[in-house]
Amino acid sequence: MPRMSAEERRESVIRAATIEFARGGYHGTSTEAIARRVGVSQPYLFRLFPGKKAIFLAVAQRCVEDTIRTFAEASEGLEGEEALHAMGNAYTKVIAERPERLMMQMQMYVAVKAAEEEGDHEFGESVRAGWMRLWDTVHVPLGADVNETTTFMAYGMLVNCLAAMGFPPEHRVWEGLYPSARLKGRLET
């Protein structure tokens with residue numbers, strides 16, 4: 001079997017770290033657990049990334065980029081309400097099928113607040129920059145309407161919170177959301 005390149009190993013670290021950070025958050029996840037999941041030593045892990053923070057930020061960036069791609073692909077060639085429902089359907093499908101992506105998003109927000117409380121603003125700058133790219137990806141297909149974009153993003157955050165808390169799709173808390181913002185199947189947390 002051919003050896004993996006450093007880039008392929010970096011990819012495997014990002015995938016493994018997504019799962020670990022989604023479960024344990026920044027402070028509750030050890031680099032040892034990430035290395036073990038990847039099947040490498042910690043020293044090798046640190047040849048790929050300078051430290052835990054760099055791994056977390058790479059995972060956060062990937063999480064945001066995956067969500068941007070989900071919205072961009074879903075809304076391609078659409079606008080207005082058609083784009084809104086296509087993006088909503090695509091997103092709820094992703095978080096139902098890949099709950100680690102939802103949990104990683106939630107961990108990103110917690111990590112930003114905790115880091116800034118400790119005086120570290122790099123987390124926040126990086127995550128906010130990604131969130132703004134996400135905003136812009138949604139904003140254009142929704143007609144560059146600030147109110148529509150705000151409403152869509154607000155619904156998305158509500159969906160995140162309800163799904164993260166494990167409310168099943170048939171629960172009454174979902175009734176006020178437009179159909180494309182509702183989970184279609186059980187979310188495993």
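Are Phe21 and Phe56 buried or exposed? Both Phe21 and Phe56 are buried, where buried stands for under 20% relative accessible area, exposed for over 50% and partly exposed for what lies in between, with a 1.4 Å probe and protein chains only.

Before selecting anything, note that this is a predicted model in which local features need pLDDT of at least 70 and side-chain atom pairs count only at pLDDT 80 or more, while totals for chains, interfaces and linings use all residues. Residues are numbered from 1 along each chain as its sequence is written, and side-chain values use heavy atoms, with hydrogens and water left out.

Select Phe21, which counts as buried at 0% relative accessibility, together with Phe56. Their ring centres lie 4.9 Å apart and their planes stand at 80°, so the pair is edge-to-face; rings of Phe, Tyr and Trp (its six-membered ring) pair if their centres lie within 6.5 Å, with planes under 30 degrees apart counted as stacked, over 60 as edge-to-face and the rest as tilted. This pair links distant parts of the chain, 35 residues apart, with Phe21 in helix α1 (residues 6–24) and Phe56 in helix α4 (residues 52–75); helices are DSSP runs of H or I with at least four residues, numbered from the N terminus.

Next, add Tyr26 and Phe123, since ring pairs link Phe21, Tyr26, Phe56 and Phe123 into a cluster. Tyr26 is buried, with a relative accessible area of 16%.

Finally, select Lys52, whose charged end sits over the ring of Tyr26, 4.7 Å from its centre, the criterion being NZ of Lys or CZ of Arg within 6 Å of the ring centre and within 35 degrees of the ring normal.

Definitions and conventions. Helices (H or I, at least four residues) and strands (E, at least two) are DSSP runs, numbered from the N terminus.
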